[in-house]
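Visitor: Hi! I have this one open in my viewer and would like to talk it through. Could you walk me around?

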Amino acid sequence: MVTPVNPPPLDRTSPPQLTNAWRELAATLADGVRVRVLRAVYGDPRAAAELVPRLTDRQATGLDPLPTDPAELAPSLLRERRAEIRTLPDGTRLLLLLAAADQYPVPTDAFLRAVMAARLDTRSLDAAEAAGIAHAGAGGVVFRDAWTRIAAYETGSPADRRDVHRLLARVLGGAGETPWRSWHRGAGAPGPSGRLAAELGTAARKAATAGRLPLARALTERAAALCPDPSEQARLLTRAAGYAWRAGDGERARRLAAAGSEDALTGVLALRAGNAGEAFDALVSAVVRVEAAGAGEGGAGSFASGGAGSFAWGGAGIGAVDGGGSAASGAGAGPLPTDGGAGSAVGPAEADPGAGPRATRAGVGTGSRSPEASVGAGPRLAGAAFGGGTPPSAADSDGDLTASPVAEGEGRSRPTGVAADRASPSTVRTSPGPGEAPADAVPVASAAVVAPAPAPAPSAGLAAPPAPQSAAFAAPASAPSGATATPSAPPAAVVSPVSAPRAAVAIPAPTLPVATPAPTVAPRTPAPATHLLARATEAAIYTGDLRRLREAVRVADRLGVVSPGTLGGLVAAFEGRYEDARELLEAAAGRCGPGGDPTVLIHAGIAALLLGDHTRAATATLRAAASARARGTPVTVPQAMEFRAYADFWTGRPRACEAAVVDALWQAHATGQDNGACHLQAALAMFSALTGDADLCHERAASARSYALARGLGLPAALAQWALAYLDLSSGRFAAAAARLRALAGFGPGHGHRAIRHLAAPHYVEAAVRTGDTRVARLAHADYHRWASAVRSPDDLALSARCRALLAPGAEAVDHYRVALDLHSHGTRDFERARTELLFGSTLRRLRRRTEARDRLHSALEAFDSFGAPHCAAQARSELRALGTPAGPRRTGPDTPIAGLTAQQLLVARMAAEGATNREIAARLALSPRTIDHHLRGVFTRLGIRSRIELVRLIAEVDESGGGTTG
């Protein structure tokens with residue numbers, strides 16, 4: 001595996017042989033699949049070892065989604081857990097069933113109230129504690145592990161499960177508990193019901209608006225299972241897929257999406273885990289369809305804003321389903337959906353109808369128990385427990401989700417709203433047990449979004465009103481019917497369900513306030529079409545295809561859709577209209593206020609990167625990630641971190657920034673965004689190049705390029721190529737660096753990227769000058785200087801001045817280097833400043849300005865040592881040795897045969913090894929052929945060789961070992 005992206009070590013109580021079996025099987029899986037397998041089985045290596053052999057070839061490579069039904073994930077383990085549950089007394093099993101239903105698959109925090117309402121004796125749990133299955137805790141029942149909890153639920157008969165769900169629905173009587181009450185009402189339904197489907201749909205939209213996307217997904221799936229209309233059922237499943245995707249459950253989203261054929265959903269899934277070109281085509285088609293259908297009308301994929309890939313799929317709406325409410329008989333009832341999705345619950349054979357604890361139906365809603373469900377009655381709940389009439393419907397209590405009512409049957413206030421999930425995500429707390437990973441390491445796929453307590457008041461700096469948002473991305477003032485609108489006041493902070501696997505690189509929960517999206521300025525431009533166009537722009541950016549970018553602009557102009565500034569800016573830049581590009585990109589980059597729409601912020605970050613404003617790019621992308629967490633859409637966080645990495649390359653903190661990217665890589669894999677993971681892998685290759693880890697850089701770059709080229713992802717493929725070129729350049733392999741960058745310039749869409757070629761232009765100029773190809777170097781610099789002059793970025797202007805210095809002869813270069821360093825002092829790219837000082841010091845040494853050369857080289861050495869870049873520090877030490885100045889001991893780096901050469905000798909040796917004659921080397925270094933001959937004799941003497949053939953072999957061996965340095 002190239003980069004360690006797995007969760008932390010699993011529980012030590014797992015049998016060693018099973019853990020070893022899982023490790024052997026894990027080696028056969030793709031990186032992303034390996035992470036998602038562990039996540040799907042709750043971190044249990046035994047379940048993972050059971051699942052992997054059952055996967056198809058396409059599932060093992062990530063082309064098809066993994067199973068989500070527990071019965072498909074680990075059937076043998078589940079059978080063992082159910083057998084343990086069956087040995088317990090009936091009263092104990094009844095309490096475990098009630099506790100499991102309260103937590104699985106939707107946590108509702110109603111167990112204690114249900115026990116009080118049913119007058120159950122909790123001392124029955126002593127038997128479960130004695131068996132090591134579960135025990136009573138302060139808030140309810142703590143199961144041994146997730147699989148025991150699932151087994152406790154599935155061991156109950158379908159009728160008993162419906163009964164306990166109805167009990168839980170009855171005690172959830174608070175106005176803010178509508179979504180959870182609706183869940184239990186739907187779970188307790190014996191068969192299809194249009195009325196319940198409509199209620200569940202309404203509750204799902206409210207949950208999504210409040211940022212509880214996993215709950216919204218579960219409610220919508222259950223609504224689909226109860227919906228009697230096949231066409232509406234398909235729309236509901238598509239909407240559930242959207243909720244699942246936004247919540248970070250990529251595997252479930254892909255499974256649910258297979259039930260429909262929505263272009264927008266297909267496009268977003270392909271953008272993040274498929275072919276980027278196909279994603280663009282699907283998204284542009286969706287833009288045309290949405291615009292033709294009108295905002296919020298029909299089934300054209302209407303969705304609300306809320307970040308990349310954020311959508312709540314509309315259509316006629318659940319309210320259009322027949323609301324007769326007549327339930328079918330128990331024999332035809334759709335079973336309660338488990339974590340496997342709509343209608344995937346264990347059937348009668350799996351549910352142990354002959355062994356399950358029974359609950360009396362007296363006074364519970366409508367419908368009657370089927371004859372099959374009456375076999376083998378177990379302990380019954382007293383009739384009074386379910387008395388008191390029908391549970392309240394959604395219409396009875398349709399209040400605000402953020403209210404804090406006093407729960408029925410309890411003498412305490414139930415925390416609701418965003419804080420409710422943190423305060424009590426479920427009464428049934430699952431503690432890590434044998435074979436189960438810690439809860440904070442491997443998140444449960446179906447867990448509700450966990451939110452911390454309300455954040456403290458923000459500082460004065462954060463309290464300032466955010467910058468106005470673009471009409472291109474602003475959500476409408478009111479969402480159309482059937483769509484889920486972005487909340488006007490989303491939760492202040494929501495922790496992604498994909499938690500960081502390592503505490504050292506955990507991304508903290510944000511505390512930024514979230515602003516209310518501004519209304520759309522152009523009334524004829526629907527937000528759905530605008531957001532889909534933003535997704536299409538991202539697809540074109542990933543491919544690097546100018547033709548697709550132009551096509552997106554034409555579609556936007558034809559339909560009257562306001563296009564994102566990054567789209568027009570990129571087209572203008574690629575066409576050479578730099579002034580126009582700067583204006584468009586400046587407008588997009590300016591929309592980076594705190595709490596804005598994550599999509600707007602990501603595009604602001606991209607625009608700022610193109611403008612060379614790394615500080616603003618870092619701010620925008622960090623705010624995008626914070627806003628995504630606050631809105632309950634963790635799927636957007638890795639994408640924001642993809643572009644944050646570009647801002648971190650040259651800041652001088654490669655190790656710390658690399659750690660954050662590794663964490664984002666794990667999140668991308670866990671949420672099913674393998675395309676984003678590929679981009680992050682390429683970014684990690686660049687960090688390895690900066691720190692001089694040649695082997696890791698090559699491995700990461702190879703992994704990123706092989707994946708990217710297969711899916712038309714030109715951006716990560718080009719970034720990986722740039723990383724390899726920079727590694728060659730900083731290690732003195734100038735010809736190899738020039739060849740890589742020259743190839744990058746010639747790559748077409750899907751293999752290269754114009755933006756990366758532009759960013760790498762200063763390095764191409766340096767490599768070309770060092771190899772004597774000054775004509776190409778001057779052409780590359782001319783275009784780069786024109787862009788730098790247009791955007792007026794101090795860092796870009798500094799790099800342009802450095803290029804001019806490299807191209808200038810002799811003493812003329814000194815003034816250009818001074819200009820470059822002065823501009824660097826106003827910029828943020830500390831790493832590039834150190835490289836400029838190194839090159840300036842080397843030039844001063846050759847001009848025999850020893851004092852100033854020594855100062856510059858010492859400054860560069862200190863910077864590279866602090867950055868953790870030993871290969872660059874070795875170059876500075878070599879230059880200082882050539883001055884006769886002690887540079888201190890080398891901190892890191894291998895002891896190679898060429899370590900004793902001076903900087904000038906090493907440079908001459910490398911050029912000679914690359915085939916340059918003495919006269920050619922002299923021309924490149926502005927020295928006489930006689931001086932070059934003197935240097936080569938010294939090289940041969942120190943290395944103990946007698947010919948250039950031996951020199952070529954020795955230099956190649958040093959390069960293969962990663963121990964080369966250069967002056």
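Visitor: Let's jump right in: where is R792 found?

Guide: Happy to help, and keep in mind that this is a predicted model. R792 lies in the loop between helix 35 (774–791) and helix 36 (794–807).

Visitor: And what is its phi?

Guide: Phi of R792 is near 60°, which is a positive value in a residue other than glycine.

Visitor: Which other residue has a positive phi without being a glycine?

Guide: Y42 has one, at about 60°. You can find Y42 in the loop between helix 2 (31–40) and helix 3 (45–51).

Visitor: Is Y42 buried or exposed?

Guide: Its relative accessibility is 5%, so Y42 counts as buried; the cut-off for that class is under 20%.

Visitor: Back to helix 35 for a second. What about R786, buried or partly exposed?

Guide: R786, which sits in helix 35, has a relative accessible area of 42% and is therefore partly exposed.

Visitor: What does R786 touch, leaving out residues up to four places away in sequence?

Guide: R786 touches G576 and Y578. Y578 is 208 residues away from R786 along the chain, and the C-alpha atoms of the two are separated by 7.9 Å.

Visitor: Nice, a long hop in sequence. How much of the contact total comes from residues 24 or more positions apart?

Guide: Counting contacts in the protein with a separation of 6 or more, residues 24 or more positions apart account for 72%.

Visitor: While we're on totals, how many helices and strands are there?

Guide: The protein has 44 helices and three strands. It has 967 residues, and 62% of them count as buried.

Visitor: And what does the accessible surface come to?

Guide: About 32300 Å², with 54% of that belonging to carbon and sulfur atoms.

Visitor: Okay, helix packing. How do helix 17 and helix 18 pack?

Guide: Helix 17 (residues 263–273) and helix 18 (residues 276–293) pack at an angle of about 155°, and their axes are 8 Å apart. Helix 17 is therefore roughly antiparallel to helix 18, since an angle over 145 degrees counts that way. Helix 17 passes helix 18 in a left-handed crossing.

Visitor: Which residues meet there?

Guide: From helix 17 there are D263, A264, G267, V268, A270 and L271, and they meet A279, A282, L283, S285, A286 and R289 in helix 18. By class, this contact of helix 17 with helix 18 has eight nonpolar, two polar and two charged residues.

Visitor: Now helix 12 and helix 14: what is the angle there?

Guide: Helix 12 (residues 178–187) and helix 14 (residues 213–226) pack at about 30°, with their axes 10 Å apart. Helix 12 and helix 14 are therefore roughly parallel to each other. Their crossing is left-handed.

Visitor: Which residues make that contact?

Guide: Helix 12 brings P179, W180, S182, W183, G186 and A187, while helix 14 brings L215, A218, L219, R222 and L226. The residues of this contact of helix 12 with helix 14 divide into eight nonpolar, two polar and one charged.

Visitor: Last one, on backbone geometry. What joins Y104 and P105?

Guide: A cis peptide bond, with omega at about 0°. To find it in your viewer, look for P105 in the loop between helix 7 (90–103) and helix 8 (111–118).

Notes:
Residues are numbered from 1 along each chain as its sequence is written. This is a predicted model: local features need pLDDT of at least 70, side-chain atom pairs count only at pLDDT 80 or more; totals for chains, interfaces and linings use all residues. Side-chain values use heavy atoms; hydrogens and water are left out. Helices (H or I, at least four residues) and strands (E, at least two) are DSSP runs, numbered from the N terminus. Buried means under 20% relative accessible area, exposed over 50%, partly exposed in between (1.4 Å probe, protein chains only). Contact means heavy atoms within 4.5 Å. Accessible areas come from the Shrake-Rupley method with a 1.4 Å probe; for residues, only the protein chains shown count as cover. Axes are lines fitted to C-alpha atoms, for helices over the stretch in contact, and angles run from 0 to 180 degrees between N-to-C directions. Angles under 35 degrees count as roughly parallel, over 145 as roughly antiparallel, 65 to 115 as roughly perpendicular and the rest as oblique. A crossing is left-handed if the near helix is turned anticlockwise from the far one by less than a right angle, and right-handed if clockwise. Ala, Val, Leu, Ile, Met, Phe, Trp, Tyr, Cys and Pro count as nonpolar, Asp, Glu, Lys and Arg as charged, and the others, Gly among them, as polar.
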